[in-house]
Amino acid sequence: MKLSHVFRVFVVLALFVAQVVQAEQITPVKSEVAADNALLLNELISARSTSDKKNLINLIANSNFPQRAKVLSALQDGDLYYTKADEQLVYAFSHPDGYQITSVIDGENLGVIGSRKVRKISINNELRTVLRGVLAELSLRSEDVFVRLSAAKDLIRSPSPEFLYAIERAKAVEVNEKVLASLNIATAMINLNSEEQVLRLDAIEAFRGTLDSDAMSILAAMQLKDSEGNYLEQDDLVRESAAAVLSEMRGEAEMYKLVENVFFGLSLGSVLLLTAVGLAITFGVMGVINMAHGEMMMLGAYTTYVIQLLMPNYIDYSIVVAIPAAFLVSGLVGIVIERGVIRHLYGRPLETLLATFGVSLILQQAVRSIFSPLNKSVSAPSWLSGSWEINGALSLTYNRLYIIIFSLVVLLMLVFLLKKTFVGLQMRAVTQNRAMANSMGIRTGWVDALTFGLGSGIAGIAGVALSQLTNVGPNLGQSYIIDSFMVVVFGGVGNLFGTFFAAMSLGVANKFLEPFAGAVLAKIFVLVFIILFIQWRPRGLFALKGRSVED
Amino acid sequence: MSAVVKSPGFHSAEMQSMLYLNGVTKSFDGFKAINNLSLDIAPGELRAIIGPNGAGKSTMMDIITGKTRPDSGQVRFRDSIDLTQYDEADIANLGIGRKFQKPTVVETLSVWQNVELALAGTRSVLHALFHTLSSEQTDKVNDVIKLVGLKEKAGDIAGSLSHGQKQWLEIGMLIVQGPELLLVDEPAAGMTDHETMETAALLKEINKDHTVVVVEHDMDFIKALDSKVTVLHEGSVLAEGRLEVVSANPRVIEVYLGR
Amino acid sequence: MINSKIFERSAIGRLLLADKAGRYLIAALLVITVLVPLCNLLMPAGSFLHIPTYVVVLLGKYLCYALLALALDLVWGYCGILSLGHGAFFALGGYAMGMHLMRQIGERGVYGNAELPDFMVFLNWTELPWYWYGFDNFFFTMFMVALVPAALAFVFGWLAFRSRVTGVYLSIITQAMTYALLLAFFRNDMGFGGNNGLTDFKDILGFSLQSDATRCVLFALSALSVAGAYVLCRAIVTSKYGRVLIAIRDAESRTRFMGYRVEHYKLFVFVVSAILAGIAGALYVPQVGIINPGEFGPINSIEIVIWVAIGGRGTLFGAVIGAVAVNYAKTYFTGAFPEVWLFMLGALFVISTLYLPKGIVGVVTQIRERRAESNATSIPEQGAKS
C-alpha cells in the first residue's frame, strides 16, 4: 500500500513535471497551478474518511481547476474512477467490454478497460449532500448568466436546506434580476419546508407575483386532503395564506396566457395581413380578382432563396436585401401580367379570375422546372431566433414579434403611398372615375399597371416573410390564396383598415379556437364563419355604403 | 292644356292614393339622400318628377320598389299596403312596374321572349318549368310588341336593338306585366327629339289604363307629358304643381340655374 | 316511318328535333354505349377492333367528367353562377358510392372485420358511426348520392342566394366551401378514411369491379347518364324556366323587378346541378377504384370551369366536348410531356378567356355563320320563339 502510494505520487509528479516543462515556455505560473490541481485531485484516490473527502471536495470547489464542476458532478453521479494499475483518476462510463475511460487531468481518451481494472471513488449520503451544495454554488458563481439562471431554477426544483448558505452568498453578489428572482423563489421553497411558521408564511408571501410554476404546484399540493379527509398541510394559517397567494398567481398566469394567445393570434393575423394586403389593392382597389396572387408570394419566397444563394456568408443581412428584391421581382411580373392579360379583361371579373388562375399554373410550373419541385430551405438570420422573456409565464418569440412589426410597417407605408403621394392620388382617381381621370391627362393604362405592380410587389414582400415561416416550394402560394381572399372579403373590399381588422381578428379567433378544436377544425370553423358572415354582410365588415356601390 | 288625366270609376271609389310617401328619410354614411320626403300620387295620375343630379330621384325609386329600405317614414301602396315590408319581387307582383334609367332588357333573348317573360302570370319555378303559352297570352304579347312599335323586330335579339328601341321594349315589358303603377326612370335619356316625342305620346297612351310616375331631366319631354310636376331637391320636395307654375317658382329657378 | 312519327311526338323527340347538335351527341353516346363494350368483350385481344379495358375505363372517366361539366354549365352557362366548388358535389356523390363499396368488402378486408371498414379497425374504432348506417343497401346509397349533394347545395344556395351574394363573391365562397370540406375530409376523426380516402373496393351488387364485363356496364351506364342528363338539361334550358335563368344571368335586377323570385330560380338550378355532379361522382368512383379528399381540392373545381369554358359555356353540347377534349389532352400530355401539361393548362385558361369567350363551339358557330353570310342567308341562332 505504502509503496504503491509512493509510486503513484511519483508517477503523477513525473507526469506533471513533463507537462510543466512543456508549458513552461508559455506560462510558467499557470503550469504550476495545473500541477497543484492535479495533486489535489489525486488526493481523492487516497482519501478514505468522509471528513477527508469533505475537505477535499471543498478544496477542489475553491481551487481554480477549470473542470472542477465536471469532476465534482462525476463524483456525485458515481462516474469517477481510478485505474488500479497506475492509480490515475478517470471518468468511466460503462461499455460492453468494461468501461470507457477518460483521464480527468488532461481529458485524454484512454480507451476501454476491463471492469476489474478500475475502482470507483465511493461517496456516502452525507457527501452527496455536500456535493449538491458545492455544485450548486459553483454554478451560481459561473460567469455565464444562463448557467447561473438554470442553476437557480434547478434549486427551485430540488429545495434542500443545505443550499441555503450557497444561495445567500450568491444573492449577495448577483446582479442579474432574473437570477436574483429565481434565487428568492429558491429560498422561499426551502423555507416552506422549515418548522417555523413565520418563515413559512414569509416564503408563501415571497411567491406572490412570481408566476413560478413549481411554486404554484407546491401551493396547490398544500390544499390537498388525505384519504380520511384531513388536510395534508395541518397548519391552517399557512394553508389559507397559500390558497390566497395561489389563486392570485393563477389569475395572473391566466391573464398572461391570454396575452400570449392574443400575441400568437396577432402574429398569425400579421401573416394574413401581409398576404392579403396586396390582394386588397388588386381586388379592393382595382376590382381585379388575381388568382395568381399566391404565386406572387411564391416568387418573393424564391427571391429570398436566390439572394441567400448569392450571399451565403451574409445570411443575417440577406433578408434586408431580399425585401426590395422580392418587391421588384413580383412587381415586375405583376406588371407583365397586367399588360399582357388583365388589361384586356377589365369589367369582366369572372374572366379575370380564370385567366389569372391560368397564369398561376404557368408560374408554378415555371418554378418547378427551374428550381425542381422539391422544397428549398431558406435559413433564418440569427436575429430572428430567440425570444423575449417577459416573466415566468410569458415569453414572446422574436420572429413573431418582428412579423407583427413588419406587417404594420408595410401597411402604414402602403397607406402613406395611397393617401399622401401623387402616384397614390392618381391611383385613387383612376379607380373612382376612369373616364374623368383619363380626360385630366392621367395615363390610366400606366396607373393600372403600376397599381397592379404595387399589389403584386407587396405580395412578393409577404413571400419574404413566408419564407421564414413555412416551406418554400412551388405550392406555397396556393396554401395562402384562399385565406387571403377570405380576409379581404371579410374586411370589406376597398378598405385597407377593414383588411387590417379582418386579418387580426381572424388570426386571434383562430388561435383561441385552436386549443379546444385543433388547428384544422379551427380553420374549418373560421371558413364556415366567413361563409355565413358573407350572407349577413355581402360586402364585408367595412364595406363602403352608398349609391356608388349599389349596382 | 287639360287637367290631370283621371278616369273616374277606373279604381275603386274608396282608394285615396295609389302611392303615398310620408316623411321618408334615407341616409348613406351620414349623407341624407332622401330627407323627410312626402309624395301623394292619386290613382290614374300621370306625375313627372324632376330635380337636379343627386336630388334623390333614383333613391326614391329604389325605396318604392323595395331595393332600398328607408331609415324612417311611411311608404304605402293602394292606401293599405306597407311597401317597406316587401322585396322587389313581391312589390313587382303587387302591381308596381319599374323601368330603369339605363335600358335593361335581356340582351341575349329575343324581343318576343323578353316580353313573354314579363307577361303577367304565376312566377313560381314549377310553373315556369312546365309552362306553355295559351293563344290568348300569345296575342297579348303580340299586341304589346305592336304597341311599342317593335313588331318588325319581334324575332330579333334584344341586344341588337337601338338605344331608343330598348327603352320601348322595356316599357312594353312593364305594360305586359300588368301593373297598376308604373315608375319610369328617364325614359327619354339618349333619345332623338323625334323618339322623345313618341315616347311621351306612348306614356300618355299607357296612362289611360295605368298610374304613371316619370322621372325626367328633359324639359321638352315634361312639357309634352303635360302633367303635374314635382321638383325634388336635396332629398325632399321643393315645389309641386303645373309646369308653368313650378318653373316660375324662384327657388326652383335658383336650384336649376344656380345662384 | 312509324318509329320516326312516335319520335316526333314524344317530348324528347320534340326537344331534339330543334337541336341538331344534341341529336348528334345523343346518337354518338348511344353508339358508343353499344360499340365500346362489344369491341372490348367480343373482339379478340390482338384484333384491330379490340378496345383494351384501360381505354374503356379512361373513356368512362371522361364521360363522368362530361356529366360534371354539364352540371356546371347549367349553373354557370345559363344562370351566371360561377361555382368554384362543384368538385365538392362530385366528391360527395363519390364518397356516398365509396361508402357503399366499402361496406360491400365485408370480411374480405385486411382485418377481416365484417362490420367495420379496414381504416376504422386501424383507428381502433369499435362500432360503425351512425352516418355509415344504411350504406350497405344499394338503393339507399343511390338515394344518398343525390340527396347529400342536393342538401349541401340547398343549404349553401339558400343562404347565399337569399342574401344576394353574387359574382366573384359567390365564386370565392364556393371555393371556401370546398376548401373547408377538403380540410374536414382529411381528418381521420371524420370517419371517411382521412388522407387515404376509400379504396380497395371488391365488387358492386355482387359483380367484381375488376372484371371487364362490370367495367363495360359501368361505361355504358356513364354514357347513358350523360345522354339522359343532356336531355334533362336541354329540357330545362329550353323551357320558360330556362329563359328566366338567362334573364337572371344577363339582367338580374330586371328579372327581379319583373316579379321573379330570383333566389328560388337560382336555388332550383343549383340543386339540380349538384345532383348531376353527385351522380357523376358516384359513377366515377367504381371505375377509378378510389375516392380521397383530393377530389375536394379547389384546383379540381377550377379545372371543371376550364372544361366548360374551352368547350363553350351556355351550350350544353360544348360542355361535353370541352370536358372530353381537355381531359384527353391531359391524359396525352401528362403521359408524353409531363412538364408541359401545366403550362398547357395555364395557357388554355388564358387563351380561352382572352380569345375564345364562347369556346370551341363558339368558334365553330362563327365559322358557319360567316359561311352562311357569304351565302347571303343568315340564320339567327337564338331568336327562335317557343
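This briefing describes the overall form of chains A and B and selected local features of chain C. The structure is a predicted model. Chain A departs from the radius of gyration expected for a compact globule of 551 residues, whereas the value for chain B agrees with the corresponding expectation. In chain C, the points covered are the helix H10, the residues C:Ser301 and C:Met97, two cysteines without a bonded partner, and two residues with positive phi.

**Chain A: overall form**

- The secondary structure of chain A consists of 21 helices and seven strands.
- The radius of gyration of chain A is 34 Å, while a compact globule of 551 residues would have a value near 24 Å.
- Taken along the principal axes, the box filled by the C-alpha atoms of chain A is roughly 110 × 65 × 45 Å.
- Of the 551 residues in chain A, 47% are buried.
- Among the contacts of chain A with a separation of 6 or more, 66% join residues 24 or more positions apart.

**Chain A: surface and charge**

- Chain A has an accessible surface of about 26,700 Å², and carbon and sulfur atoms account for 60% of this area.
- Chain A carries 45 positive and 47 negative charges, and the mean positions of these two sets are 10 Å apart.

**Chain B: overall form**

- Chain B contains 10 helices and 10 strands.
- For 259 residues, the radius of gyration of a compact globule would be near 18 Å, and chain B agrees with this at 18 Å.
- The C-alpha trace of chain B spans about 55 × 40 × 40 Å along its principal axes.
- Buried residues constitute 54% of the 259 residues in chain B.
- Residues 24 or more positions apart supply 68% of the contacts in chain B that have a separation of 6 or more.

**Chain B: surface and charge**

- About 11,000 Å² of chain B is exposed, with 51% of that area supplied by carbon and sulfur atoms.
- The 25 positive and 35 negative side chains of chain B have centres that lie 3 Å apart.

**Chain C: the enclosed helix H10**

- Helix H10 of chain C covers residues 240-250, and it is largely enclosed by the rest of the structure because nine of its 11 residues are buried.
- The buried residues of H10(C) include C:Lys240 and C:Arg243 as well as C:Val244, C:Leu245 and C:Ile246.
- The cover over the buried residues of H10(C) includes two helices of chain B, namely helix H3 (111-118) and helix H4 (125-129).
- Chain C also contributes to this cover, including through helix H4 (53-79), helix H9 (212-238), helix H11 (252-257) and helix H12 (262-288).

**Chain C: two buried helix residues**

- C:Ser301 lies in helix H13 (residues 298-311) of chain C, and its relative accessibility of 1% places C:Ser301 among the buried residues.
- Leaving aside residues up to four places away in sequence, C:Ser301 is in contact with C:Leu84, C:Gly85, C:His86, C:Gly87, C:Ala88 and C:Thr178.
- C:Met97 belongs to helix H5 (residues 86-105) of chain C and is buried, with a relative accessible area of 5%.
- With residues up to four places away in sequence again excluded, the contacts of C:Met97 include C:Thr141, C:Met142, C:Val145 and C:Ile204.
- C:Met97 also touches C:Ala282, C:Val285 and C:Pro286.
- From C-alpha to C-alpha, C:Met97 and C:Arg234 are 27 Å apart in space, and 137 residues separate them in sequence.

**Cysteines and disulfides**

- No disulfides are found in a search of the whole structure over all chains.
- The sulfur of C:Cys39 has its closest cysteine sulfur in C:Cys216, at 9.7 Å, which is too far for a bond.
- C:Cys39 is buried, at 13% relative accessibility.
- For C:Cys79, the closest cysteine sulfur is that of C:Cys233, and the distance of 13 Å is too far for a bond.
- C:Cys79 is also buried, at 3% relative accessibility.

**Backbone features in loops of chain C**

- Most residues other than glycine have a negative phi.
- C:Asn124 is not a glycine, yet its phi is positive at about 65°.
- C:Asn124 is situated in the loop between helix H6 (118-122) and helix H7 (138-162) of chain C, and a relative accessible area of 66% makes C:Asn124 exposed.
- C:Asp200, likewise a residue other than glycine, has a positive phi near 60°.
- The loop that holds C:Asp200 runs between strand E1 (198-199) and strand E2 (203-204) of chain C.

Key. Residues numbered from 1 in each chain as written. Chains lettered and ligands numbered in written order. Predicted model: local features only at pLDDT ≥ 70, side-chain atom pairs only at ≥ 80, totals over all residues. Heavy atoms only, no water. Helix = DSSP H or I, 4+ residues; strand = E, 2+ residues; numbered from the N terminus. Rg over C-alpha atoms; globule rule 2.2 N^0.38 Å. Buried < 20%, exposed > 50% of the residue type's maximum accessible area, 1.4 Å probe, protein only. Contact = heavy atoms within 4.5 Å. Areas by Shrake-Rupley, 256 points an atom, 1.4 Å probe, with all protein chains shown as cover. Lys, Arg positive; Asp, Glu negative; His and termini not counted. Charge placed at Lys NZ, Arg CZ, Asp CG, Glu CD. Disulfide = S-S within 2.5 Å.
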